[in-house]
Amino acid sequence: MTGWRVSAALSRALSLAGIGLASAVLFGEPALMVMTAPFLVFGALGLLGRPSAVPRFDSRLDHSVLHEGQGTRSRLTLEHPAALESVTRVVSGVPYVAVRPAGGMVARRVSADERELAVLEVSPRRWGRRPLGNEHVMVTSSWAGYRLGPVEVVGGQLEVLPVRAPFDSRAEAPQPIGLVGAHRSRRLGDGSEFASIRPFHAGDRLRRINWRVSLRTGDLHVVTARGEEDAGVLLLLDALADHGISRGVDGPASSLDVSVRAAAALAEHYVRTGDRVGLRVVGGTGASITAAAGRGHLRRIQSRLAQLYAAEPRVLSSERFQLGVAPGTVVIVLSPMLTDLMGTITGMLVRRGLPVLVIDTLPGELAPSVIEGTDPVIADLAWRMRLLEREEVLARLSSMGCPVVPWSGPGTLDDVLRRLARRSQLPQVRAR
């Protein structure tokens, strides 16, 4: 509806006033006129309060980018002034978005010259692009004489980033290959990690002289240290399918939920330590982000993770799959390992001599969804066989030297990275 219309209250008031006046004249009963006089007064006030212009409404969000579980306000504003008395706002419910008041409806009186009519509190419960849905607004003029609406207002859209899951790791990268960073290098340099004491050579800095050893031996000796470098980290995320049911940030998580939140936590941790982080998605959007550092790069990774969806690509084979990973880059595979493709890709990376580890993102106590009418006994047997095949793939990866760990937050990768760092210092035979 695009214009003002007489409200039901005004129609009733004018009808009762007309009937009372006509009855008083017809039957000669002044009491009837006295009884219906208030309706006549209210009807006249309603007619006099008719707005002269049709207002325009706009729905705006205080914040368009949030993390899971955070909240913001959706404000309904009036762009053209009008004499309003009350407003009713109804927002249609959408999945994974909590609204307060419950039900998405708010009704209130409007004071004179007020531009902000109604406020709703919204909180996204799962990562992704979350449209708030269309809204319907109905307003009434003074004395409820005229009404406008329901008017459809286009709702906003939230970009919901993965929740900032707590994660921290004190382990160093197995093979740092950068220039300046926080990881101990195998090369000598100007770091703070002690390496050895050797005789003084031309060009050595005087502040490196170890006077105790020099006085004891009679010759100048200097302290050498290992350099400190940054590392390259590639997050390889499996988006071929989403296993399990997601209930948002407060409920059970699906496999894609665990993968996305773990990838966001790992990216934030390594960017905070000064490392270069890249992202590659297998399936879904097929997103690929080149390794870089900085807060802006972290924001790009989080935005790409928020756009993910589970889908199997039309054409994708392990023979044509190219990552373009530099030697020494730590590859972290986040996958439930329920597809042969991910197992094959991981095995290829291990054979190339890269430090690879797998984070198992399959939720515990997962029950498969089956088509209605399927025999539950057959479905359960097929699922158990699939889990046995998965265990075989994980066992083969472990035998190749690829660690497999479940995601458990802080400290998940400490022991694994330390073992990879010790292994990287040993002689290796790489397949050609």
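Visitor: What does buried mean here?
Guide: Accessibility is judged with a 1.4 Å probe on protein chains only. Over 50% relative accessible area is exposed, and partly exposed lies in between. Buried means under 20%.

Visitor: What kind of model is this?
Guide: Residues are numbered from 1 along each chain as its sequence is written, and side-chain values use heavy atoms, without hydrogens and water. Local features need pLDDT of at least 70, side-chain atom pairs count only at pLDDT 80 or more, totals for chains, interfaces and linings use all residues, and the model is predicted.

Visitor: How many residues of β19 are buried?
Guide: Strands are DSSP runs (E, at least two residues) and helices are runs of H or I, at least four, numbered from the N terminus. On one side of β19, Val 330, Ile 332 and Leu 334 are buried. Val 331, Val 333 and Ser 335 are buried on the other. The count is 6 of 6.

Visitor: In β20, which residue is the bridge partner of Ser 335?
Guide: Strands pair if DSSP finds at least two bridges between them. β19 and β20 pair in the parallel sense over 5 bridges. The partner of Ser 335 is Asp 360.

Visitor: Which element gives the most residues to the largest nonpolar core?
Guide: A nonpolar core joins buried Ala, Val, Leu, Ile, Met, Phe, Trp, Tyr and Cys residues through side-chain atoms within 4.5 Å. The largest has 33 residues. β16, β19 and β20 are among the elements that each supply at least two. The top giver, with 10 residues, is α4.
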